[in-house]
Every structure is written in C-alpha cells, then in structure tokens.
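Here are some exercises to work through with a protein model, each with a solution in small steps. Have the sequence and the 3D view open, and try each task before you read on.

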Amino acid sequence: MPAGVRDVAGVVFPKSSAEVLIVVRAANQHRVPIYPISAGNNIGLGSRSPVGDGQVVLDLGWHMSRIIEVNEELGFAVIEPGVTFQSLHDELVRLGDRLMVSATSGPPLGSVLGNALDKGGGYGPHFDHFGMLCGLEVVLGNGEVLRTGEGSLRHDTLVNWHVSKYSFGPILDGLFAQSNFGIVTRAAVWLLPRPPAIESFHFLFPHDDDLGAIIDLIRPLRISGFVPTLFRVCNDLYAVGTEETHPEYKQTRGLKSVSAAARAALRDKHGLGAWQVSGAFYGASSAALAPMIERVKTHFGRTGRSRFIPHAEALDIAPLRIAIDSMSGRPSSAELTLLRWRPGGGNLWFSPGTPMSGQHALELDRLGREIYAEAGMDYIVMHVAGARYARSLHVLVFNQGDPDENQRADDCYRRLAREFARRGIGVGRAPIDYQQEHMELLTSAFKETSNSIKRALDPNGIIAPGRYGIG
C-alpha cells in the first residue's frame, strides 16, 4: 500500500555543519539510524517520511536555511539545505533581480539543494539542477567531512571551489545524488542572468495520438539549441486538473477513470487541447524575439493540427501561466492544486522517461493509458522534453481515505514500473515505498557497487539505511 505510516524514533534540528557532524558521530557510537531531510517538501515522493521504522529524522531545513553568499559577478549562490526556491528567489529579487533561480513547478517551499540531490529538474537552460551544483560540503557516514573539487585543497582561501567542476582527481560529487553515503550541508548553485525579455509560446493539439508528432517536432528545436528551454508537454487532465476536480467521482465512486466525454467537456470549457506544448525564448526585447517565435509557429504549423497561443494570451490561461512562471524562474504553488483532482489528498509520482522519438513516446503513452484505465485511475501526465530525452511525470491522485483506491493506486504504480522496465525504461526518481523495488530491477553489479560504496563511506550504515534501495 502507498503512504505507509512510519514509526519515527525522534527528530533532531541541527544548526550548523558542525552540529550535523556531532549527530553523525553520536549515531555511529550508539548505532542509531538517522534520516536527513532538507525542507521535507518532496511531495509525491516521500516528503518528511523516513524509509523505515525506528529512524531519527535529521531536519536540516529548520535552522540550516542560510544563503551564505550570492556572487553576482560569477553567477552563483552558496546555500544550506533549508534554502527554498522561494527564499532564494526573494533574495535575488532583493538584490536587484539580475539573476534567476531555475524553478520547478513544485512547492515553492521545496529545498533547492534537496531537489538537486534527488535529481529534480526545472525547465529553463539550467534545468539540470544537480548539474548546476558545484562544490559540495558533505558529512560522511564515517564521521569525516569531505569537500568536493577544489574545496579539498589544503588552503584557507578556496578561489575556484564553486566555479570549477573539473579539478584534479575523481569527480566525487555524483556519489551524493540519490544516495545515502553522506549528508550534504552546503553547496553552490549556479544561477542564470535574468534576460530583459522572456517570450513564451504555446501550441494545443486536439488528439491523444498527436504525442508522437509533438515529440518529433520538438527534437530538432532542442537538439540544435534553437529553443533554450525544455518543452512542457502536458495532457488535458494535467492542465485542467489545476482548475477542476474529477467531474464524475461521486457518480463512479472513484472506481473508474474519467470518461472521454468528460475530458472533452473540460477541454472545451477551458479552451485547451488533448496536449499543451509550451516553451520560451530569452532575449533583449520582445521585438528581437518575434522572428524566433514566427519560426517556431511555422515549424509546428506544418502538422495542420496545432493551435498557437501567444505569450500575452497565455498569461490569462491559468495552466499555461504555470509554464510561463516556471520558465521565468518564478516559483509558484499553482500546479499543486492538481492534487485536489480526487478527494483524500493521496498522490504518487511515477517518473520514467522516453527517448525523443515520437514512435517510442506514443507506444509508452498508450501503455500508460491502458494501465491507468485498468486500475480505474485518471491518466495525468506531463513530458518535459529535451534534445534526446524527455522525463515524464505520471501523477497518481487517489483518495487516501479509501482502502480500495489506495490499493488500486499501489497496484497501478507497481505495474507501471514492471511494464516500463520490461521495455527497457527505468525511472529518474521514485517514492520511498518503491525505491527498493526499483533497485531490484537493476543489475547485481550496480547494486553491489552501490552497497560497497555504502560500506566504505558509512560502515555502520547509520545514514538513511534502505533509501534508494541501498544498504
């Protein structure tokens, strides 16, 4: 069953890296497992819940929320785990709004550092959030402190720590993404200069099977670098779900997916399509960007099926405004209203991906629709499309107060994981209840290597044992 209750042994609120080190050494001495969280807003993937019973939650975000430095000349900020997308955005605005954070469309109170370490992403040129980190400070499970890159130089002044990723020796930073080998207590995040003008563009497509053509249209625009942002490709329920609730839930008692007729009625009501495609250009002025918008209009117009929505019009269409905010580095909670689609507040995120091939994408889309329908769940999905790969966000919204609906959501997730894996498709992120299952889908060499690193850096296994299926 999803959303299992955890028996937490306690909660600790450190105020500094030095206090984290004290906690880790004490946990080693007394063999007490600890579970670090940042802001605890990893909604749909676990939030504040530890993986197992009896773990002490180490809440890094309560006190360790300092923006240690903003370097406007070189475009980076040094932050602690409790710094949220909203707090970093607000500080950048206070400093003159010359730099912008790469926002998600998730909780504004989510941790910038926590999101990056869990391989979260954004939509603009800095969409690779882990890739935008440089220079980590990590308290290892063995009670030692590691600074990656040039942070390990034996010198008081570390000039390049937060600007050079490729300094001497192994690149160790990646060991701390989706792992339980250590606790990252600070890092630098690279920031994008805010452009004078941001002009979004949007295309609506009428049919579910238009996805294949959409992916094939996006690929050359991204692989050439012509469009600097990723593309948000969200289906009708992902879009209207931020404005509506399930129109047939009482009638069907939540046992069936929303009908095709109800979907069509919602699309007509909100003037949306089966798919919404959004991207943006950055430049000196709207006038300078106009020829680029025209090129994209011509490109998408070749299908004869798309409807173009310009930036000015999209600002007044709530689901499209979400895309604009996220590509403009403006944190927003608007997309979270999607979680009210069904009563009861339950949600899971299945996060596979697809190569940027229309045929692949359409085959996986049909598979996902079939699995959702057989479970009586509503197919809510967004593809975040890049040059060669699109990460996909499949949302399962369910009534936590209904045991049958809980079970169907759980069965749906597990079947999605199995069937996608059978076709050579893994996930980018996973809810804590399913991390062990996803690890079991990987090779023995990968699992044993992960566990060997765990034993080397955390010999007593005190940091989040079981997280990501490790240890």
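**Exercise 1. Find out whether glutamate 374 is buried, partly exposed or exposed, and which arginine pairs with glutamate 374.**

Before the steps, please note that this is a predicted model.

Step 1. The relative accessible area of glutamate 374 is 55%. The cut-off for exposed is over 50%, so glutamate 374 counts as exposed.

Step 2. Now look for a partner. Side chains of opposite charge can pair when their charged atoms come close. Glutamate 374 forms a salt bridge with arginine 415, and their closest N and O atoms are 2.3 Å apart.

Step 3. Place both residues on the chain. Glutamate 374 is in helix α11 and arginine 415 is in helix α12, so this pair links distant parts of the chain, 41 residues apart.

**Exercise 2. Arginine 415 also forms a salt bridge with glutamate 370. Work out what this pair ties together.**

Step 1. Start with the distance: the closest N and O atoms of glutamate 370 and arginine 415 are 3.8 Å apart.

Step 2. Locate the two residues. Glutamate 370 belongs to helix α11, which covers residues 358-374, while arginine 415 belongs to helix α12, residues 403-422; the pair therefore ties together parts that are 45 residues apart in sequence.

Step 3. Check the exposure of each partner. Glutamate 370 has a relative accessible area of 39% and is partly exposed. Arginine 415, at 24% relative accessibility, is partly exposed too.

**Exercise 3. Describe the salt bridge between arginine 408 and aspartate 404, and say where both residues lie.**

Step 1. The closest N and O atoms of arginine 408 and aspartate 404 are 2.8 Å apart.

Step 2. Both residues lie in helix α12, four residues apart, which is about one turn of the helix. An α-helix has 3.6 residues a turn, so residues three or four places apart point the same way.

Step 3. Compare the accessibilities with the cut-off: buried means under 20%. Arginine 408 has 13%, so it counts as buried. Aspartate 404 has 38% and is partly exposed.

Step 4. Widen the view. A search of the whole structure finds 34 salt bridges. Salt bridges also link Asp208, Asp236, Arg263, Arg267, Asp365 and Arg369 in a network.

**Exercise 4. How many residues of helix α10 are buried, and what follows α10?**

Step 1. Helix α10 runs over residues 318-327, and eight of its 10 residues are buried, which leaves the helix mostly covered.

Step 2. The buried residues are Pro319, Leu320, Ile322, Ala323, Ile324, Asp325, Ser326 and Met327.

Step 3. Glycine 329 follows α10, and its phi is positive, near 70°.

**Exercise 5. Glycine 121 and histidine 162 each sit in a loop. Find which residues each of them touches.**

Step 1. Glycine 121 is in the loop between α3 (112-117) and β7 (133-140). Its relative accessible area is 14%, and glycine 121 is buried.

Step 2. Leaving out residues up to four places away in sequence, glycine 121 touches Thr104, Asn115, Phe127, His129 and Arg391. Glycine 121 and arginine 391 are 270 residues apart in sequence, yet their C-alpha atoms are 9.4 Å apart in space.

Step 3. Histidine 162 is in the loop between β8 (145-147) and β9 (182-190). With a relative accessible area of 10%, histidine 162 is buried.

Step 4. Again leaving out residues up to four places away, histidine 162 touches Phe76, Val78, Cys134, Gly135, Ala188 and Trp190.

**Exercise 6. Work out how the radius of gyration of the protein relates to the globule rule.**

Step 1. Begin with the parts: the secondary structure comes to 14 helices and 18 strands.

Step 2. The radius of gyration is 22 Å, close to the 23 Å that the globule rule gives for 471 residues, so the protein is as compact as a globular protein of that length.

Step 3. Add the spans: along its principal axes, the C-alpha trace extends over about 65 × 55 × 40 Å.

Step 4. Finish with burial and contacts. Buried residues make up 57% of the 471 residues. Among contacts between residues at least 6 apart in sequence, 76% join residues at least 24 apart.

Methods:
Residues numbered from 1 in each chain as written. Predicted model: local features only at pLDDT ≥ 70, side-chain atom pairs only at ≥ 80, totals over all residues. Heavy atoms only, no water. Helix = DSSP H or I, 4+ residues; strand = E, 2+ residues; numbered from the N terminus. Rg over C-alpha atoms; globule rule 2.2 N^0.38 Å. Buried < 20%, exposed > 50% of the residue type's maximum accessible area, 1.4 Å probe, protein only. Contact = heavy atoms within 4.5 Å. Salt bridge = Lys/Arg side-chain N within 4 Å of Asp/Glu carboxyl O.
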